[in-house]
Amino acid sequence: MAPLISSPLFNLLLISFTFLSFFLIKSYALEGRKVIESHYHTVEISSLLPASVCSPSTKGPSKRPSTLKVFHRHGPCSKYSQDKATPSLDEVLSHDESRVESIHFKINHNVDNDKIEDKKAIVPAKSGQSLGTGNYIVSLSLGTPKKSLSLVFDTGSDLTWTQCQPCARSCYTQKEPIFNPTESTSYSNVSCSSTQCSQLSSATGNSPKCFSQTCVYTIQYGDQSFTMGFLSQDTLTISPSDVVPNFYYGCGQNNQGLFGNTAGILGLGQDALSIVSQTEQKYGKYFSYCLPSSSSSSGHLTFGNSGVSSNVKFTPFANSQDTSFYFINILGISVGTTQLSISPSVFKTAGTIIDSGTVITRLPPDAYSALRTEFKKGMSKYPSAPAFSILDTCYDLSNYTTITIPKIGFTFDGNVKVDIVAMGTLVAVDSSRVCLAFAGNSDASDIGILGNVQQRTMEVVYDVAGGKLGFGPGGC
Ligand SMILES: *[C@@H]1O[C@H](CO)[C@@H](O)[C@H](O)[C@H]1NC(C)=O
Ligand SMILES: *[C@@H]1O[C@H](CO)[C@@H](O)[C@H](O)[C@H]1NC(C)=O
């Protein structure tokens, strides 16, 4: 009889060991599941396909003050969804390419457009317009009595504008009645000698013109789209409790382009004439938005900092010469459990902006090819499908109802880690062609763009005065 074996101490040890190993095995399994959960998404294929019924988000700050509902322009939640002109994904992606080309052009040639002899000869001419069709709209009101207008909201533009009667030269077809300044008691023209008139140069890239003492603006959006008219002031109503008197905007008398039946653009850039700068006293140059997960849901655009979630993490804005776009720094990208090995100089050389109007995120060529290689490894069990437009990594998932995909994560300056949701990782042409929703720039010196597909469902917070951009999960 070995006294040790029957000793209570041994029993205790044995029990502890058994318990410990049980615990270890269990926690190992748990750990395994956690790895799957934290590095992979489980996606239902049907969730990637467009829905025909609007199911507005119940999340988010609908009760927050200064909040506007955000809809995808062509989804079933939008009153534009009945339009015959709803573009195909192919058209959306080709317009997106035009927008990216015009952003690259603007940033690479940060000069007054007027000084370029023949801008059209340099910007690749394409039919359609560079604002892209994959954009989001909000509805606000202008004038007294107030008139409702649906505007595309755009962090890449500064001057807000709408088409105005009498459309002296031309107006495109829009859904709502065209704004008539003569019917608004709070409307006024802006003189050529005003500070705001001179601020048009940086806000629009074009020097102001003068027509019988009245300041005239011009904005070109890269190819054949433009708006031109009077710089004006009127009362802008965001919500019944959010009224901005004497708001400066463009009252367009000559407007051309496929702005998709909306009344114009809401400029959320950071130049002096943007709505962000003009409402500084009221909202402290602070706004946030959540872009819905799909075109059949809704999101929000909120001015001011009330009610911003505490799990929003902030990365500093990067310095830049450009006064409109919002620059940030990417430090790295992960795919599944793998941190991609991309030299930091790849992101530094190109720089990055976040843009609400670009659809598909564009990465420097080296970063994109590393991302694609690793994503393909994680997707190797799924049959591949031919490329679609600018999307070169596609899968035929017609035999699947549910798939598991590696999570893509970005690390921004300040060690801010942001996971891209499944709806921000893949876009579906149909179930037989589901593609990675990223693309590479062709030139390593072209700026990277964090596009709106990747921003879906995130609370994106622009603390412009505080010099930082925030990301929070599950905003809508
Ligand atoms: C604004 O200026 C234009 C051009 O001078 C003029 O035609 C228009 O009547 C003016 N509108 C108002 C309300 O003063
Ligand atoms: C789907 O399954 C069928 C039947 O097993 C097979 O013949 C077909 O090749 C599969 N398609 C794809 C794209 O994997």
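## A walk through the structure

Let us start at one residue: Ser212 sits in the loop between strand 7 (209–211) and strand 8 (214–220). The model you are looking at is a predicted one. Ser212 has a positive phi of about 35°, although this residue is not a glycine.

Ser212 also leads us to ligand 1. Which residues surround ligand 1? They are Tyr187, Asn189, Phe211, Ser212, Thr214 and Phe230. By type, this shell divides into three nonpolar residues, three polar ones and no charged ones. Now look at the side chains that reach oxygen atoms of the ligand. A polar side-chain atom of Ser212 is 3.0 Å from an oxygen atom of ligand 1. For Thr214, a polar side-chain atom lies 3.2 Å from an oxygen atom of ligand 1. In the side chain of Asn189, an N or O atom is 2.2 Å from an oxygen atom of ligand 1. How much of the accessible area of ligand 1 does the protein cover? On its own, ligand 1 has 370 Å² of accessible area, and the protein covers 49% of that.

Next, let us look for empty space inside the protein. Rolling a probe the size of a water molecule over the atoms shows where empty space is left. A search of the whole structure finds one cavity of 30 Å³ or more. The largest cavity holds about 50 Å³ of space. To find this cavity on your screen, pick out its lining: Leu140, Leu142, Leu149, Leu151, Thr160, Trp161, Thr162, Leu236, Phe247 and Tyr249. Two or more of the lining residues come from each of strand 3 (136–142), strand 4 (147–154), strand 5 (161–163) and strand 10 (242–256). What kinds of residues make up the lining? Eight are nonpolar, two are polar and none is charged.

Some of these strands also guide us to two special peptide bonds. In the loop between strand 3 and strand 4 you will find Pro145. The peptide bond that joins Thr144 and Pro145 is cis, with omega at about -5°. Pro166 has its place in the loop between strand 5 and strand 6 (188–189). Here too the bond is cis: from Gln165 to Pro166, omega is near 10°.

Finally, move along the chain to an open sheet of four strands. Their order is 20-21-26-25, and the pairing is antiparallel. Why do strand 20 (384–385) and strand 25 (426–430) each have one side without a neighbour in the sheet? Both stand at the edges and have a single partner strand each, so one side of each is left free of a neighbour.

We can cross this sheet strand by strand. Strand 20 is joined to strand 21 (residues 394–395) by two bridges, and the two strands run antiparallel. Across this pair, Ser384 stands opposite Tyr395 in strand 21. Strand 21 is in turn joined to strand 26 (residues 433–436) by two bridges, again in an antiparallel arrangement. Here you can spot two cysteines facing each other, with Cys394 opposite Cys435 in strand 26. The last step takes us from strand 26 to strand 25, which pair in the antiparallel sense over four bridges. In this pair, Asp430 stands opposite Arg433 in strand 26. How many residues lie between strand 25 and strand 26 in the hairpin they form? There are two residues between them.

Terms used. Residues numbered from 1 in each chain as written. Chains lettered and ligands numbered in written order. Predicted model: local features only at pLDDT ≥ 70, side-chain atom pairs only at ≥ 80, totals over all residues. Heavy atoms only, no water. 1 Å grid on protein atoms, 1.4 Å probe; cavity = no way out; pocket = protein on both sides within 12 Å on 5 of 7 lines; lining within 4 Å. Points joined across faces, edges and corners; volume = space filled by probe spheres on them. Nonpolar A, V, L, I, M, F, W, Y, C, P; charged D, E, K, R; others polar. Near = heavy atom within 4 Å. Polar contact = N/O pair within 3.5 Å; in protein donor to acceptor, adjacent residues only side chain to side chain. Areas by Shrake-Rupley, 256 points an atom, 1.4 Å probe, with all protein chains shown as cover. Pairing = 2+ DSSP bridges.
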